Amino acid sequence: MKNSKTSKVRLDKLLGSLGYCVRKEVTALLRDGVITHTDNLPLKSDTKVSHDEILYEGEPLDPPAGMIILMSKPSGLVCSHDDGEGRLVYDLLPSRWRLRDPKISTIGRLDKETSGLLLLTDDGALLHRLTSPKHKVPKVYEATLDRPLRGDETEIFASGTLMLNGEKNPCLPAKLTIIDETNVTLEIVEGRYHQVRRMFAAVGNHVIALHRSTFGNLTLRDLKEGEYRLIDAESLSR
Ligand code: URA
């Protein structure tokens, strides 16, 4: 596989793909000294360069394609590219990242009112693999319920027989851990639409707050709401 930090591409293509500018603006940015070479070599728009030899305003470039972002999503933000839907999770990232090609997308979605661990990537193959129904990664959700548990939920969720409204196949077994009568954690390996909320609706309850605390082995660690960090592909499979 090509190393996107050291393989050579045209300077205007590189900067365009990272969202710094449109390709035809590169000549002016070179003239103004905004774009420079780490060894002060002369540059033109069509010079073949590697990612790590270019500076923008004296700083190394944003990460090359192949980014994985682990975000602490606050409640109230939408996992969508459509500005018409309110504040977007992408608004928490540097604005030029919205212009990157390949585009950054969320790996699955959290509801607007759900907070917690959200992954985003510009790696299409990874996105496809992790969102495939075949990919059974455990995810833990912390839920606050409107009504006290009735007592049979742990067994029903673990049984692999729970049917969600409008679906043909039952949910795979899920592990409920009771904290108190209205606070639980639920570990699921699927990612159906509104799955946790619908599972509780199916047992006569209602989720009033939902937070995802893990995705596979990944946790938020010390990330505060609205913050993010870059992770590598290896940490996803650990
Ligand atoms: N299940 C839900 O109901 N909502 C989410 O955001 C994630 C899982």
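Let's start at the ligand: one of its oxygen atoms lies 3.2 Å from a polar backbone atom of H194. Keep in mind that this is a predicted model. Two more contacts involve nitrogen atoms of the ligand, one with the backbone of Q195 and one with the backbone of V196. Here they are side by side:

| Ligand atom | Partner | Distance |
|---|---|---|
| oxygen | H194, polar backbone atom | 3.2 Å |
| nitrogen | Q195, polar backbone atom | 3.4 Å |
| nitrogen | V196, polar backbone atom | 3.1 Å |

How much of the ligand does the protein bury? Taken alone, the ligand exposes 240 Å², and 96% of that is buried by the protein. As for where to look, the ligand sits in the largest pocket.

Who else is around it? The surrounding residues are L110, D111, T114, Y141, H194, Q195, V196, R197 and L210. Sorted by character, this shell has four nonpolar residues, three polar ones and two charged ones. Which helix gives the most to the shell? That's helix α5, spanning residues 195–202, which supplies three residues.

Now for another part of the structure, a sheet. Three strands make up an open sheet in the order β2-β4-β5, and their pairing is antiparallel. At the edges you'll find β2 (35–37) and β5 (59–60), each of which pairs on one side only. Strand β4 covers residues 54–56 and is joined to β5 by two bridges, with the two strands running antiparallel. If you'd like a spot to zoom in on, try L55, whose bridge partner in β5 is P60.

How values were computed
Residues numbered from 1 in each chain as written. Predicted model: local features only at pLDDT ≥ 70, side-chain atom pairs only at ≥ 80, totals over all residues. Heavy atoms only, no water. Near = heavy atom within 4 Å. Polar contact = N/O pair within 3.5 Å; in protein donor to acceptor, adjacent residues only side chain to side chain. Areas by Shrake-Rupley, 256 points an atom, 1.4 Å probe, with all protein chains shown as cover. 1 Å grid on protein atoms, 1.4 Å probe; cavity = no way out; pocket = protein on both sides within 12 Å on 5 of 7 lines; lining within 4 Å. Sits in = over half its atoms within 2 Å of the grid points. Helix = DSSP H or I, 4+ residues; strand = E, 2+ residues; numbered from the N terminus. Nonpolar A, V, L, I, M, F, W, Y, C, P; charged D, E, K, R; others polar. Pairing = 2+ DSSP bridges.
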